Amino acid sequence: MPELPEVETVRRGLAPTMEGARLERLELRRPDLRFPLPRDFAARVEGRRIEALSRRAKYLLIDLEDGATVIAHLGMSGSFRIEAGAATDMPGVFHHERSKDEKHDHVLFHLERQDGPVRVIYNDPRRFGFMDLVHRAELDDYPAFRDLGPEPVGNRLSADYLATRFADRSQPLKSALLDQKVIAGLGNIYVCEALWRAHLSPTRKVSTLVTKTGKPKPELTLLASSIREVIADAIEAGGSSLRDHIQTDGTLGYFQHFFRAYDREGRECLTDGCGGTVERIVQSGRSTFYCRRCQK
Ligand SMILES: [Zn+2]
């Protein structure tokens with residue numbers, strides 16, 4: 001499953017090609033991905049200009065000029081590939097390598113731009129991705145978005161907000177942060193990384209970060225900024241490797257260098273002066289990586 005920074009690098013990679021282009025033809029090579037594709041999908045989008053490419057949690061939003069929005073989710077193995085003449089580019093920086101096998105090309109956006117035609121191709125070997133088409137005015141009521149918490153980037157994710165969600169709750173921090181109603185689009189990897197940065201144990205009860213009057217304790221203020229920073233850093237680093245075209249076919253290398261706690265079981269903790277060892281525990285069926293010595 002791609003995490004939010006991966007989806008954002010895809011969005012940033014596609015935006016220069018797709019924004020402002022006209023969607024001449026939508027070629028559907030099968031009737032479904034994880035779910036059936038929208039009824040009359042091609043007829044409802046062909047001929048429209050693409051106004052903007054945006055994102056909500058791990059969903060890409062392709063905004064069309066008539067007020068409709070195509071919602072796209074990459075599932076487990078989905079990717080987009082840009083083909084302009086003989087040139088091919090696959091925007092995005094992925095933890096796992098992505099397929100370029102044409103037999104898994106399922107949805108083809110044939111675009112017309114001022115500088116000529118270009119194809120944006122959705123490839124998905126395992127077909128856990130999906131696409132839907134809704135009116136922009138109904139986006140907030142869309143089932144996957146209705147109950148989403150704030151994005152982990154930007155000012156809405158504040159310590160005061162987290163205090164309102166954590167007061168009087170006995171849940172462990174790890175599972176509270178994975179709850180999409182609390183924070184939209186935060187996944188296992190970046191929860192581990194944010195908790196390591198904030199020196200907080202994943203097993204700590206969330207209510208211990210809130211004062212009796214419902215205010216955030218300093219640890220919670222540090223956690224809120226750690227979450228925002230780890231996501232921003234990952235997007236920035238992914239974006240810079242994208243700009244440099246180091247590994248456009250999905251990097252196994254890059255994100256692994258970025259991790260400070262995730263997937264580092266048995267290795268030395270990287271917190272200055274700590275000297276502890278990263279261990280792996282299992283919470284709600286998911287691996288958690290943390291250092292018992294400096295994360296309290
Ligand atoms: Zn440590």
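**Close-up 1. Four cysteines hold the zinc ion in this predicted model.** The sulfur (SG) atoms of C269, C274, C291 and C294 are the protein donors, and they lie 2.3 Å from the zinc ion. The arrangement comes out as tetrahedral because the angles between the 4 donor atoms run from 102 to 116 degrees. If you want to find the donor residues in the sequence, look for the spacing C-x4-C-x16-C-x2-C. Two of these cysteines tie distant parts of the chain together: C274 comes from the loop between helix 8 (253-258) and strand 10 (278-283), while C294 belongs to the segment after strand 11 (286-291), 20 residues apart. Both C274 and C294 are buried.

**Close-up 2. Here is R286, one of the positions that UniProt lists under "active site".** That feature comes from an unreviewed entry, and it also covers P2, E3 and K58. R286 sits in strand 11. With a relative accessible area of 38%, R286 falls between the cut-offs of 20% for buried and 50% for exposed, so call it partly exposed. Setting aside residues up to four places away in sequence, R286 touches K174, L178, N188 and I281.

**Close-up 3. Helix 6 (residues 188-197) is mostly covered.** Of its 10 residues, 9 are buried. The buried set is N188, I189, Y190, V191, C192, E193, A194, L195 and W196. N188 may look familiar from the previous view, as one of the residues touched by R286. After helix 6 comes H199, and its phi is positive, near 60 degrees.

**Close-up 4. K58, another "active site" position in the UniProt record, lies in the loop between strand 2 (50-56) and strand 3 (59-64).** Is K58 buried or exposed? K58 counts as buried, because its relative accessibility is 15% and the cut-off is under 20%. The two strands on either side of this loop run antiparallel and are joined by 6 bridges. As an example of the pairing, L53 has I62 in strand 3 as its bridge partner.

**Close-up 5. Pull back a little and strands 2 and 3 turn out to belong to an open sheet of 4 strands.** The strand order is 2-3-4-9, and the pairing is antiparallel. Strand 2 and strand 9 are the edges, each pairing on one side only. From one strand to the next, the twist averages 20 degrees. Helix 1 (residues 4-18) packs on this sheet, where it touches strand 2 and strand 3. The direction of helix 1 makes about 175 degrees with that of strand 2.

**Close-up 6. H104 is one of the residues that UniProt lists for "binding site".** Again the entry is unreviewed, and the other residues named there are R126 and R169. They are spread over 66 residues of sequence and are spread in space too, with up to 45.0 Å between C-alpha atoms. H104 is in the loop between strand 6 (87-89) and strand 7 (105-113). At 17% relative accessible area, H104 is buried. Leaving out residues up to four places away in sequence, H104 touches S99, Y122, N123, D124 and P125.

**Close-up 7. R126, also in the "binding site" list, is in the loop between strand 8 (116-123) and strand 9 (130-135).** Which residues does R126 contact, leaving aside its neighbours within four places in sequence? They are M76 and S77. Strand 9, at one end of this loop, is an edge strand of the open sheet in Close-up 5.

Conventions:
Residues are numbered from 1 along each chain as its sequence is written. This is a predicted model: local features need pLDDT of at least 70, side-chain atom pairs count only at pLDDT 80 or more; totals for chains, interfaces and linings use all residues. Side-chain values use heavy atoms; hydrogens and water are left out. Donors are N, O and S atoms within 2.8 Å of the metal (3.2 Å for Na, K and Ca); water is not among the atoms, so sites may look incomplete. Four donors count as tetrahedral if all angles lie between 85 and 135 degrees; four count as square planar and six as octahedral if opposite donors are over 155 degrees apart and all others between 65 and 115; anything else is irregular. Buried means under 20% relative accessible area, exposed over 50%, partly exposed in between (1.4 Å probe, protein chains only). UniProt positions are given in the numbering used here, feature names are shortened, and annotations may be inferred rather than shown by experiment. Contact means heavy atoms within 4.5 Å. Two strands pair if DSSP finds at least two bridges between them. Axes are lines fitted to C-alpha atoms, for helices over the stretch in contact, and angles run from 0 to 180 degrees between N-to-C directions.
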